[in-house]
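Colleague: I'm still new to reading models like this one. Could you take one part and walk me through it slowly?

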Amino acid sequence: MSTVVAAPAAGTESSGTRRPRRGGEQDASGKLFNRLAATCVTLFALIWLVPFLWALITSLRPNEEIAANPTTPWSDDWNLDAYSYAWNSSPLGWWYVNSFVISTLTVVFTVVVCSMAAFALVNLDFRGKYVVFGLVLAGLMVPVEALVLPQFLEFRTLGLLGTYWAVILPSVALPVALLVFHSFIRAIPVALIEAARLDGAGWWRIYSQIAMPLSRPAISAVAILTFITSWNAFLWPLLVLTQTKSQTIPVGLSSLVGGSAIQYAETMASAVLGILPLLAVFLVLQRQIAQGVANTGIK
């Protein structure tokens, strides 16, 4: 007795097959998302780029034209007189040196201290370990302005006001930097640490020869972001750096904006000179910034 199996009717699907997704819908949604993302990126770029371009254009115009027509981006007499005047009339060179020394030392101490603290919190067992880590996380919620008065009294008692250390030391124990190093070092395989311990390596050797070389993306991200943050710091250096030649770029530039007659071209030229080092650092090391933030798991 033969059995006849009926073929499925046209337009129907068997129970074991899946209907493929429509490629046209995926392409349309992908293009829409890309356009939306490109629009947002363009708007954010314009928010940051337009003020810089306006400062650059204003710094190249004579003060008479700026006073007569401050909104026009055109000029009949482009020149670099404002940059020459800004450099010669203010200790801008000293401000550059101060900002560079303070930012560099802050980066070195922040990377060393925060990486060692994060390594200890990840690999060492000691009493109060989680309490310490909880206090570090609580530091992320404390506004900087709330610490200004106690830190000022502390450094005045220590006699460090007016020195580089008064600006560097408060920035060393940075909670964000410790959190970045903690999340990266915690991702290092435990078997690698245990193998080094079985070979007789001490904690210092494991930290310096294993953890730190593997944490280069985190080091790059923390170093660059700390340098930018330290360079742009204004409130605390304004309070503790009293002498004019010991001031940093942001504090020194704020002293140029005062009085009844503001030299707009010279002020904008000083602002452009102050932002150029940060712009160069970001353009040269933007790939390291992106890789470091991506590899540490912070989105």
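Modeller: Sure, let's begin with what counts as a salt bridge: a side-chain nitrogen of Lys or Arg within 4 Å of a carboxyl oxygen of Asp or Glu. Keep in mind that we're looking at a predicted model. By that rule, the count comes to one salt bridge. The partners are Asp-125 and Lys-129, with their closest N and O atoms 3.7 Å apart. Why pair up at all? Well, side chains of opposite charge can pair when their charged atoms come close. Now check how open each partner is. Asp-125 has 75% relative accessibility, so it counts as exposed, because the cut-off for exposed is over 50%. Lys-129 has 11% relative accessibility, so Lys-129 counts as buried, as buried means under 20%.

You can use the buried and exposed labels on helix 3, too, which covers residues 81-89. Its buried residues are Ala-82, Tyr-83 and Ala-86. Look down the axis of helix 3 and these buried residues fall within an arc of 100°, so they line one face of the helix. Here's the background: an α-helix has 3.6 residues a turn, so residues three or four places apart point the same way. On the face of helix 3 turned away from the buried side, you'll find the exposed residues Asp-81 and Asn-88.

Last, the cysteines. The structure holds zero disulfides. Cys-114, at 2% relative accessibility, counts as buried, while Cys-40, at 35%, counts as partly exposed.

Terms used. Residues numbered from 1 in each chain as written. Predicted model: local features only at pLDDT ≥ 70, side-chain atom pairs only at ≥ 80, totals over all residues. Heavy atoms only, no water. Disulfide = S-S within 2.5 Å. Buried < 20%, exposed > 50% of the residue type's maximum accessible area, 1.4 Å probe, protein only. Helix = DSSP H or I, 4+ residues; strand = E, 2+ residues; numbered from the N terminus. Arc of directions from axis to C-beta.
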